[in-house]
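The following note is offered to a colleague who is meeting this structure for the first time. Please read its points alongside the model.

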Amino acid sequence: MKHGGFYSGPDRFNPGHLIEHKFEDATTVDKNAWAHRRNIRLDDVKSIDELISDVVSIVSCNGNILINVG
């Protein structure tokens, strides 16, 4: 899980509490896939409220967030 000066664990990693060491959460705006999908539905995309909640939660736990927009 170590990559440079921070931990990069499983995708969509959110410890849910403050941790001492920096980490990175890789996530995507698509709730079900990491790549472009021709048949994506609006319900499959995170809302702006969900995205903001993800960012706030990760940053408050001492993390960086990487958001993939397929």
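1. A polar contact is a pair of N or O atoms within 3.5 Å; within protein, one of the two must be able to donate a hydrogen and the other to accept it. In this predicted model, the side chain of Asp 30 reaches the backbone nitrogen of Asn 32 at 2.8 Å.

2. On the surroundings of Asp 30: this residue is found in the loop that runs between β3 (23-28) and α1 (48-60). Its relative accessible area is 5%, so Asp 30 counts as buried, the cut-off for that class being under 20%. Apart from neighbours within four places in sequence, Asp 30 is in contact with Arg 12, Ala 35, Arg 37, Ile 40 and Asp 44.

3. On the overall architecture: the protein has one helix and four strands, and its elements follow the order β-β-β-α-β from the N terminus on. The C-alpha trace spans about 40 × 25 × 15 Å along its principal axes.

4. On contacts and burial: of the 70 residues of the protein, 21% count as buried. Among contacts between residues at least 6 apart in sequence, 43% join residues at least 24 apart.

5. On the surface: the accessible surface of the protein comes to about 4800 Å², and carbon and sulfur atoms account for 56% of this area. Val 55, Val 59, Ile 67 and Val 69 make a nonpolar surface patch of about 320 Å². Of these residues, Val 55 lies in helix α1; Val 55 is partly exposed, with a relative accessible area of 30%.

Note on methods. Residues numbered from 1 in each chain as written. Predicted model: local features only at pLDDT ≥ 70, side-chain atom pairs only at ≥ 80, totals over all residues. Heavy atoms only, no water. Helix = DSSP H or I, 4+ residues; strand = E, 2+ residues; numbered from the N terminus. Buried < 20%, exposed > 50% of the residue type's maximum accessible area, 1.4 Å probe, protein only. Contact = heavy atoms within 4.5 Å. Patch = residues over 30% accessible without salt bridge, like charges linked within 9 Å, V, L, I, M, F, W, Y side chains within 5 Å. Areas by Shrake-Rupley, 256 points an atom, 1.4 Å probe, with all protein chains shown as cover. Salt bridge = Lys/Arg side-chain N within 4 Å of Asp/Glu carboxyl O.
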